[in-house]
Every structure is written in structure tokens, then in C-alpha cells.
Amino acid sequence: MARSSSGFVAGLTAAALAAVGFLAYQASANVPADLSAASPAPAASPSAPAPGAGPKKPADPAQALPKQSGSGVRVVYSLGERRVWLVGAKDTVTRTFAVMPSTVGPAPGTYSVTSRSGSVAGSDGVRIEHVVRFATVDGVTVGFSAAVDGSLPTPDPSRRTGGIRMKRADGDAMWTFATVSSKVVVVP
């Protein structure tokens with residue numbers, strides 16, 4: 001009798017492994033396109049830098065955090081570079097990405113996130129999500145957002161809009177990072 005119960009257990013184990021394998025295949029086959037190109041796993045890093053090695057510089061110097069962009073945890077928005085940096089503790093850039101500026105922009109300076117909205121209609125009529133507002137210029141509210149349809153059109157110069165648009169994945173990161181009262185530093 002012991003022999004048949006061990007065969008039964010082995011059969012159940014094999015069936016369970018086959019089911020798990022099939023479910024894993026189905027899950028990987030149904031991953032949305034924007035998630036299937038996941039970033040590679042982080043490589044192991046040595047516990048101490050190599051002798052003579054200084055701080056690691058970004059691969060693309062154009063994406064380096066601007067000088068005079070403040071300190072502490074903050075969002076940095078460069079008007080001239082049309083780029084945003086999400087900066088964590090110890091001036092560590094957690095993410096940087098290009099944006100499409102609005103027709104109305106804030107003056108260089110330090111601001112705070114004043115309000116957020118999950119999903120609304122933008123001032124240009126486009127449905128937007130993850131709205132993070134931080135300034136008002138001549139009655140126009142300025143903030144970061146992502147178009148639900150994923151578009152990044154150049155704003156109509158004849159309309160006064162304050163939406164600084166980004167890709168949806170960048171909007172997700174901004175939404176998680178920039179809560180109410182978070183610091184936003186605008187540089188030229």
C-alpha cells in the first residue's frame with residue numbers, strides 16, 4: 001500500500017508543476033506591451049568602489065541633475081531642457097524623463113505640490129491622469145500630468161494651458177513620488 005500512495009503523491013506533484021508552468025506561461029503571454037520590456041535585473045555591485053573610482057556619472061551627461069537645483073527630496077523641472085528629475089535622499093536621482101511643456105510656465109523657483117487629481121479633463125480638453133499641481137501663473141494652474149491616450153502633442157500656442165505632459169509610465173512615477181506638499185524646484 002505504501003508504494004501506491006507514493007506513486008499517487010508523485011503524480012499529484014507532477015500535475016501541480018505542470019499547472020504552475022502553464023499558468024506562468026499564460027501570465028507572461030498576457031503582459032501588456034508597456035510592461036513586457038521590463039528593465040533588466042540589477043547587477044551585483046561591489047561593496048566598495050574600486051580604488052580611484054569617484055561617484056558614478058550618468059551615461060548621458062545631458063540627463064545629469066542640473067546644478068543649483070536645490071537639495072533634499074524634490075522634483076526638479078528644467079524649463080530649457082524640458083526634463084524632470086525625481087530626486088530622493090542624498091541627491092539620488094530615482095528617475096528622469098522628458099516632458100512637453102505647457103504654453104504657460106512657472107518662473108524659476110521653489111514650489112510645493114498644492115493638489116492632485118487622479119483623472120480629469122485637461123484645459124486642452126484631453127483626458128488626463130495623475131495630475132500634480134504646484135503653481136498658478138496669471139490665473140492658470142500649472143502641473144504635471146499624463147494623457148490617458150498616451151499622447152504628447154505640442155500645445156496649441158494660441159491657448160493658455162498649464163499642463164506639463166509626460167508619458168503615462170512617467171506620470172505613474174510622478175504620482176507615487178510627488179504627494180501634496182512635496183518640493184518642486186523649477187530651474188531655467
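1. A residue is called buried under 20% relative accessible area, exposed over 50%, and partly exposed in between. By that rule Gly118, at 40% relative accessibility, counts as partly exposed. The model discussed in this note is a predicted one.

2. Gly118 belongs to strand E5, which covers residues 115–121. Leaving aside residues up to four places away in sequence, Gly118 touches Ile128, Glu129, His130 and Trp175. The C-alpha atom of Gly118 is 9.5 Å from that of Ser145, and the two residues are 27 residues apart along the chain.

3. The partner of E5 considered here is strand E6. The two strands pair in the antiparallel sense, over 6 bridges. Within this pairing Ser115 stands opposite Arg133 in E6. E5 and E6 form a hairpin with 5 residues between the strands, and in this hairpin Gly125 takes a positive phi near 90°.

4. Trp175, already named as a contact of Gly118, also takes part in an arrangement of a charge over a ring. Arg116 lies over the face of Trp175, at 3.6 Å from the ring centre.

5. An open sheet is built from 5 strands in the order E3-E2-E1-E9-E4, and its pairing is mixed. Strand E3 (93–98) and strand E4 (109–112) are the edge strands; each has a single partner strand, so one side of each is left without a neighbour in the sheet. On average, and with direction ignored, neighbouring strands of this sheet are turned by 20° against each other.

6. At the E4 edge, the pairing is with strand E9 (residues 183–187): the two strands run antiparallel and are joined by 4 bridges. Tyr111 stands opposite Val184 in E9. Towards the other edge, helix H3 (residues 168–177) lies across strand E1 (74–78), strand E2 (83–87) and E3. The helix runs at about 140° to E3.

7. How many aromatic pairs does a search of the whole structure find? The search finds 3. In one of them, the rings of Tyr77 and Phe144 have centres 5.7 Å apart and planes at 85°, so the pair is edge-to-face; the cut-off for that class is over 60 degrees. This pair links distant parts of the chain, with Tyr77 in strand E1 and Phe144 in strand E7 (residues 140–147), 67 residues apart. Tyr77 counts as buried because its relative accessibility is 2%, and Phe144 counts as buried at 0%.

8. Another edge-to-face pair joins Tyr111 and Phe134, because the planes of their rings stand at 70°; the ring centres are 5.7 Å apart. Tyr111 lies in strand E4 and Phe134 in strand E6 (residues 127–137), so the pair ties together parts that are 23 residues apart in sequence. Are the two residues buried or partly exposed? Tyr111 counts as partly exposed, at 21% relative accessibility, whereas Phe134 is buried, with a relative accessible area of 2%.

9. The two pairs described above belong together. Ring pairs link Tyr77, Tyr111, Phe134 and Phe144 into a cluster. Through its members the cluster involves strands E1 and E7, by way of Tyr77 and Phe144, and strands E4 and E6, by way of Tyr111 and Phe134. E1 and E4 are among the strands of the open sheet, and E6 is the antiparallel partner of E5, the strand that holds Gly118.

Terms used: Residues are numbered from 1 along each chain as its sequence is written. This is a predicted model: local features need pLDDT of at least 70, side-chain atom pairs count only at pLDDT 80 or more; totals for chains, interfaces and linings use all residues. Side-chain values use heavy atoms; hydrogens and water are left out. Two strands pair if DSSP finds at least two bridges between them. Axes are lines fitted to C-alpha atoms, for helices over the stretch in contact, and angles run from 0 to 180 degrees between N-to-C directions. Contact means heavy atoms within 4.5 Å. Rings of Phe, Tyr and Trp (its six-membered ring) pair if their centres lie within 6.5 Å; planes under 30 degrees apart count as stacked, over 60 as edge-to-face and the rest as tilted. Buried means under 20% relative accessible area, exposed over 50%, partly exposed in between (1.4 Å probe, protein chains only). A charge sits over a ring if NZ of Lys or CZ of Arg is within 6 Å of the ring centre and within 35 degrees of the ring normal.
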